[in-house]
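Grab a pencil and work through a few exercises on the structure shown below. Try each task yourself before reading its solution.

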Amino acid sequence: MIYIAILIIMGVLLLATAIFAVTHRDLLFAVIATGIISLILSLFFYLLQAPDVALTEAAIGIALTTIIFVITIRNTTRDEDEIIDKKNEKL
Amino acid sequence: MKKVLVILLLAALGYFLAQTFLEIPLGENRIGDINAQKPTAAGYYLSNTKEKSKVANVVTAIVVNYRGLDTLGEVTVLFLATTGVASILYRRKEEEEEVERLNLPSSNIIRTGARVLFPAITLLGIYVFIHGHLTPGGGFQGGTIVATGFLLMLISYKGFNTNHNIMTWVESIAGLSFVLIGLWGLITDHTFLGNIPQIGELNKLLSGGLIPIIYIAVGFKVAVELTGILDILLKIKPKK
């Protein structure tokens, strides 16, 4: 019973973080949110008895992908509105 | 008009996906009886791996023994991805002098923490890929953990440089040894990656035939490739 309750709470948290990541205008916050999604997902995989998938998700999802996106933000721009404005200027 | 088309397409896609998923009974045992006369593929793997290939971790046995050729394909995908990133973003020697890696200064805490954690993370990664046939994990997982350790050093120390010559050699030797061992198995055992050494005893480090050797090669290859990608990405000059 507690097991199912933990799974449901984690699922709700996962959805909330995902919605935050999609809707937030500051891209750095969105990228950190995707990292947190990976953290919850790897816990999910561990609880659902797939420890090797949890290991992969932890290493790739939390560390490598987040860092690659942070490097991309550093080389481009952090504000999503700025990108949309530039697109509109070109059109 | 375009939006309506997109919504229609998504609706069709969702309909067919839902239809497929509704056919799968949720939470039911789909492996079947593993001692049955004609077991399913999953049941066959679960009941036969322990006796036939003497591997404690069934996932590893499936990835390297039963589906060895697919694993070669996976390794090739990662190799091609690294080659693509490197060929787009690689800088020649003359340009490299003016490039500064991540010009944010990292604090004392991060640097000390990285120095303490780096050996531990690397050791964990090496443990995961050497013990791939005994505990959860394997070459890919161990390799990514080692790459995470290198990432920590790369972002916290400006002077931490990776030697590209050594990395190229390690990657080539690891990839070649995978293919050559596989072909050797093809010649002697008539299957790609056929088990050549004595299979050994269950639950011992030296067991599982070729699995430890293949996974050590895959682990080195994955670690070196991911470290290479990160190193190249961190050397991009930010736009001012």
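The exercises below deal with helix pairs, single residues, the contact between chains and a nonpolar core, all in a predicted model.

**Exercise 1. Find how helix H1 and helix H2 of chain A are oriented to each other, and which residues make their contact.**

Step 1: Start with the axes. H1 (residues 2–23) and H2 (residues 27–47) of chain A pack at an angle of about 160°, and their axes are 9 Å apart.

Step 2: Turn the angle into a word. Angles over 145 degrees count as roughly antiparallel, so H1(A) is roughly antiparallel to H2(A). The crossing of these two helices is left-handed.

Step 3: List who touches whom. H1(A) brings Leu7(A), Met10(A), Leu13(A), Leu14(A), Thr17(A), Ala18(A), Phe20(A) and Ala21(A). From H2(A), the contact includes Ala30(A), Ile37(A), Ile40(A) and Leu47(A).

Step 4: Sort the residues of this contact of H1(A) with H2(A) by class: 16 are nonpolar, two are polar and none is charged.

**Exercise 2. Decide whether Ile40(A) is buried, exposed or partly exposed, and say what it contacts.**

Step 1: Locate it. Ile40(A) is in helix H2 of chain A.

Step 2: Count neighbours. Ile40(A) has 17 C-beta neighbours inside 10 Å. Buried needs 20 or more, and exposed needs 12 or fewer, so Ile40(A) counts as partly exposed.

Step 3: Skip the neighbours within four places in sequence. What's left in contact with Ile40(A) is Met10(A), Leu13(A), Leu14(A) and Thr17(A).

Step 4: Try a distance too. Ile40(A) and Thr66(A) are 26 residues apart in sequence, and their C-alpha atoms are 14 Å apart in space.

**Exercise 3. Work out where Gln49(A) and Ser87(B) sit and how each is classed.**

Step 1: Take Gln49(A), which is found in the loop between H2 and H3 of chain A. Its phi is near 65°, a positive value in a residue other than glycine.

Step 2: Gln49(A) has 9 C-beta neighbours inside 10 Å, so it counts as exposed.

Step 3: Now go to Ser87(B), in helix H4 (residues 68–89) of chain B. There are 8 other C-beta atoms within 10 Å, so Ser87(B) is exposed.

Step 4: Add a distance. Ser87(B) and Ala114(B) are 27 residues apart along the chain, with 30 Å between their C-alpha atoms.

**Exercise 4. Describe how H4(B) and H8(B) cross, then do the job again for H7(B) and H9(B).**

Step 1: The axes of H4(B) and H8(B) come within 11 Å and cross at roughly 160°. That makes H4(B) roughly antiparallel to H8(B), and their crossing is left-handed.

Step 2: In this contact, Gly68(B), Leu72(B), Val75(B) and Phe79(B) of H4(B) meet Gly175(B), Phe178(B) and Gly182(B) of H8(B). By class, the contact of H4(B) with H8(B) has four nonpolar, three polar and no charged residues.

Step 3: For H7(B) and H9(B), the axes come within 7 Å and cross at roughly 35°. This crossing is right-handed.

Step 4: Among the residues that meet are Gly139(B), Phe140(B) and Leu151(B) in H7(B), and Val218(B), Ala223(B) and Leu234(B) in H9(B). The contact of H7(B) with H9(B) divides into 13 nonpolar, six polar and two charged residues.

**Exercise 5. Find what each chain puts into the contact between chain A and chain B.**

Step 1: Chain B gives 19 residues and chain A gives 13 residues.

Step 2: On the side of chain B that touches chain A, H7 (139–156) and H9 (211–234) each supply at least two residues. H7(B) gives the most, with seven residues.

Step 3: By class, that side of chain B has 13 nonpolar, five polar and one charged.

**Exercise 6. Pick out the members of the largest nonpolar core that touch the most other members, and the helix that gives the most to it.**

Step 1: This core has 41 residues, of which Val64(B), Leu151(B), Ile214(B), Val218(B) and Ala223(B) touch the most other members.

Step 2: Helices supplying at least two residues each include H3 (51–75) of chain A and H6 (108–130) of chain B. H9(B) gives the most to this core, with twelve residues.

Step 3: Zoom in on Val218(B). Leaving aside neighbours within four places in sequence, Val218(B) is in contact with Val75(B), Gly139(B), Phe140(B), Gly143(B) and Phe178(B).

Definitions and conventions
Residues are numbered from 1 along each chain as its sequence is written. Chains are lettered from A and ligands numbered from 1 in the order in which they are written. This is a predicted model: local features need pLDDT of at least 70, side-chain atom pairs count only at pLDDT 80 or more; totals for chains, interfaces and linings use all residues. Axes are lines fitted to C-alpha atoms, for helices over the stretch in contact, and angles run from 0 to 180 degrees between N-to-C directions. Helices (H or I, at least four residues) and strands (E, at least two) are DSSP runs, numbered from the N terminus. Angles under 35 degrees count as roughly parallel, over 145 as roughly antiparallel, 65 to 115 as roughly perpendicular and the rest as oblique. A crossing is left-handed if the near helix is turned anticlockwise from the far one by less than a right angle, and right-handed if clockwise. Two residues are in contact if their C-beta atoms, placed from the backbone, lie within 7 Å. Ala, Val, Leu, Ile, Met, Phe, Trp, Tyr, Cys and Pro count as nonpolar, Asp, Glu, Lys and Arg as charged, and the others, Gly among them, as polar. A nonpolar core is a set of buried Ala, Val, Leu, Ile, Met, Phe, Trp, Tyr and Cys residues joined through C-beta atoms within 7 Å.
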